[in-house]
Amino acid sequence: MKVAADTNVLLRAYVADDKRQAEAAVDLLAKADIVAVSLQALCEFAWVLGRQYETARLDIVAAIRALANTANVAVNRPAVDAGLAMLEAGGDFADGVIAFDGEWLGGETFVSFDRKSVKLLSAQGRSVQLLS
């Protein structure tokens with residue numbers, strides 16, 4: 001079976017805060033031929049772990065990296081790596097993905113009102129503009 005995993009499936013497998021759902025999620029993820037994990041699901045996953053579960057930033061990085069490195073998991077690897085680079089630098093996973101995806105789509109400059117994201121992306125050598 002080839003599946004596209006929703007964020008709640010990934011969360012149940014990782015946090016295991018509902019035994020029945022965690023077992024079902026882990027079983028499905030282990031048995032699937034392909035587990036397609038969208039960028040949106042990973043952005044939500046990172047956000048929920050950080051905000052709701054107060055998971056440490058480096059633990060979120062490790063969880064996403066472990067998931068992306070699982071043999072049957074398919075992700076947009078360059079975008080995931082961009083998100084992880086932002087997360088490791090102290091920013092939001094989603095901002096790294098947004099900047100990467102925007103560049104891939106033809107955007108030359110990342111624009112935002114978010115000072116922290118602009119600063120971190122600038123430090124990575126990306127073209128940025130802080131709006132005020």
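In the predicted model, Glu23 and Lys19 lie four residues apart in helix 2 (residues 19–31), so about one helical turn separates them. The two side chains form a salt bridge, in which the closest N and O atoms are 3.8 Å apart. This distance falls within the 4 Å limit that defines such a contact. The partners differ in their exposure class: Lys19 is exposed, with a relative accessible area of 63%, whereas Glu23 is partly exposed, with 47%.

A search of the whole structure identifies six salt bridges. Another of them joins Asp81 to Arg77, with 3.2 Å between the closest N and O atoms. Because Asp81 and Arg77 are four residues apart in helix 5 (residues 77–88), they are separated by about one helical turn. Asp81 has a relative accessible area of 37% and is therefore partly exposed. Arg77, at 31% relative accessibility, also counts as partly exposed.

A further salt bridge is formed where the side chains of Glu103 and Arg126 meet, at 3.0 Å from N to O. This pair links distant parts of the chain, its members being 23 residues apart. Glu103 belongs to helix 6 (residues 93–104), while Arg126 is located in the loop between helix 7 (115–123) and strand 5 (128–130). With a relative accessible area of 47%, Glu103 is partly exposed. Arg126 counts as partly exposed at 21% relative accessibility, since the buried class is reserved for values under 20%.

The packing of the helices was examined next. Helix 3 (residues 39–51) packs with helix 4 (residues 57–68) at an angle of about 150°, and their axes are 10 Å apart. Helix 3 is therefore roughly antiparallel to helix 4, because angles over 145 degrees are assigned to that class. The crossing in which helix 3 passes helix 4 is right-handed.

Helix 3 also crosses helix 1 (residues 7–15), at roughly 45°, and the axes of these two helices come within 9 Å. Helix 1 is therefore oblique to helix 3. An angle under 35 degrees would have been needed for the roughly parallel class, and one of 65 to 115 degrees for the roughly perpendicular class. The crossing of helix 1 and helix 3 is right-handed.

Ala5 is placed in the loop between strand 1 (2–4) and helix 1. Its relative accessibility is 10%, and Ala5 therefore counts as buried. Ala5 is separated from Leu120 by 115 residues in sequence, and the C-alpha atoms of the two residues are 30 Å apart in space.

On the surface, a nonpolar patch is formed by Val111, Phe113 and Leu131. Together, these three residues present about 290 Å² of accessible area. One of them, Val111, is part of strand 4 (residues 110–112). Val111 has a relative accessibility of 44% and so counts as partly exposed. This value is compatible with membership of the patch, because patches are made of residues with over 30% relative accessible area.

Conventions
Residues numbered from 1 in each chain as written. Predicted model: local features only at pLDDT ≥ 70, side-chain atom pairs only at ≥ 80, totals over all residues. Heavy atoms only, no water. Patch = residues over 30% accessible without salt bridge, like charges linked within 9 Å, V, L, I, M, F, W, Y side chains within 5 Å. Areas by Shrake-Rupley, 256 points an atom, 1.4 Å probe, with all protein chains shown as cover. Buried < 20%, exposed > 50% of the residue type's maximum accessible area, 1.4 Å probe, protein only. Axes fitted to C-alpha atoms, helices over the stretch in contact; angles between N-to-C directions. Left-handed = near helix turned anticlockwise from the far one by under 90°.
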